[in-house]
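Good morning, colleagues. Please have the sequence and the structure open as I speak.

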Amino acid sequence: MGNENSSYFIDRKQGFIELKPSSPVLGDAVAVTNLMGHCYADDIDIAIIYEENLPDHFFDLKSGLAGEILQKFSTYRFRAVFIISIQRFTGRFAEMAMEENKKSRFHFCKNRDAALSFIRNTKT
């Protein structure tokens, strides 16, 4: 059974929160902290985040935003799956995404099915 509001859906059975693509942008560490706050009461430790939930400068590693957001998730042992269009997988961002995909904390993929597969295969 899940819990839904206008910005996200919580699937308690599978243990994740899924932001809706129309949700507000996760533009800084405060927004990430607020997202995690919605999760801990339900014992959720993984989020599905769509490209539309991220500002454009998230994909420019020089901005530091991707590092800031991933660090915030990592500090609180929270996992995230990012559904990103193939056009975003270029340059340094693509290198970072491929490196993170070798680990189990963060995963970058191109569709929801791949995100759900990652979640099922990495249950904590």
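**Two helices, a pocket and some single residues**

The buried residues of helix H1 pack against strand S3 (16–19), strand S4 (46–50) and helix H2 (65–75). Please bear in mind throughout that this is a predicted model.

Let me stay with helix H1. Helix H1 covers residues 29–40, twelve residues in total, and spans 16 Å from its first C-alpha to its last, close to the 16 Å expected at 1.5 Å a residue. Which residues of H1 are buried? They are Ala29, Ala31, Val32, Leu35, Met36 and Cys39. Because these residues cover an arc of only 155° around the axis, they lie on the same side of H1. At the start of the helix, a side-chain oxygen of Asp28 comes to within 3.1 Å of the backbone nitrogen of Val30.

Helix H1 also takes part in the largest pocket. Rolling a probe the size of a water molecule over the atoms reveals where empty space is left. The largest pocket holds about 180 Å³ of space. Its lining consists of Ser7, Tyr8, Leu19, Ser23, Pro24, Val25, Leu26, Ala31, Asn34, Leu35 and His38. Which element supplies the largest share of that lining? The answer is H1, with four residues.

One of the lining residues is Ser23, and I would like to consider it separately. Ser23 sits in the loop between S3 and H1. Its relative accessible area is 7%, so Ser23 is buried, the limit being under 20%. Setting aside residues up to four places away in sequence, Ser23 touches Ser7, Tyr8 and Asn53. Of these, Ser7 and Tyr8 also line the largest pocket.

I now turn to helix H4, residues 112–121. Its buried residues are Ala115, Leu116, Phe118 and Ile119. They are on the same side of H4, because the arc they cover around the axis is only 155°. What lies on the other side of H4? There we find Asp113, Arg120 and Asn121, which are exposed. The buried residues of H4 pack against S3, S4, strand S5 (79–83) and strand S6 (106–109). Strands S3 and S4 therefore deserve a second look on your screens, as the buried residues of H1 pack against them and those of H4 do too. The N-terminal end of H4 is capped by Asn111, with a side-chain oxygen 3.2 Å from the backbone nitrogen of Asp113.

From H4 we may move to the strands. Val81 belongs to strand S5. Is Val81 buried or exposed? With a relative accessibility of 0%, Val81 counts as buried. Apart from neighbours within four places in sequence, Val81 contacts Ile46, Ala47, Ile48, Ile49, His107, Cys109, Ala115, Phe118 and Ile119. Among these partners, Ala115, Phe118 and Ile119 are buried residues of H4. Val81 and Phe16 are 65 residues apart along the chain, and their C-alpha atoms are separated by 10.0 Å.

Cys109, a contact partner of Val81, is found in strand S6. Cys109 has a relative accessible area of 6% and is buried. Beyond its neighbours within four places in sequence, Cys109 is in contact with Val81, Phe82, Ile83, Ile84, Phe89, Ala114 and Ala115. Cys109 and Lys123 are 14 residues apart in sequence, and 17 Å lie between their C-alpha atoms.

A further buried residue is Glu100, which has a relative accessible area of 14%. Glu100 is located in helix H3, residues 91–101. With neighbours within four places in sequence left aside, Glu100 contacts Phe106 and Phe108.

Finally, some remarks on the backbone. Most residues other than glycine have a negative phi. Asp43 has a positive phi, near 60°, and is not a glycine. Where is Asp43 placed? It lies in the loop between H1 and S4. Asp43 counts as exposed, at 70% relative accessibility. Arg77, likewise not a glycine, has a positive phi of about 55°. Arg77 is in the loop between H2 and S5. With a relative accessible area of 62%, Arg77 is exposed.

To close, I return to the two helices. The buried residues of H1 lie on the same side of that helix, and the buried residues of H4 lie on the same side of theirs. Thank you for your attention.

Conventions
Residues are numbered from 1 along each chain as its sequence is written. This is a predicted model: local features need pLDDT of at least 70, side-chain atom pairs count only at pLDDT 80 or more; totals for chains, interfaces and linings use all residues. Side-chain values use heavy atoms; hydrogens and water are left out. Helices (H or I, at least four residues) and strands (E, at least two) are DSSP runs, numbered from the N terminus. The expected span of a helix is 1.5 Å times one less than its number of residues. Buried means under 20% relative accessible area, exposed over 50%, partly exposed in between (1.4 Å probe, protein chains only). The arc is that of the directions from the helix axis to the C-beta atoms. Contact means heavy atoms within 4.5 Å. A polar contact is a pair of N or O atoms within 3.5 Å; within protein, one must be able to donate a hydrogen and the other to accept it, and residues adjacent in sequence count only if both atoms are side-chain atoms. On a 1 Å grid over the protein atoms alone, a cavity is a set of points where a 1.4 Å probe fits but cannot get out, and a pocket is an open set with protein on both sides within 12 Å along at least five of seven lines; lining residues have an atom within 4 Å of a point. Grid points are joined across faces, edges and corners, and a volume is the space filled by probe spheres set on the points.
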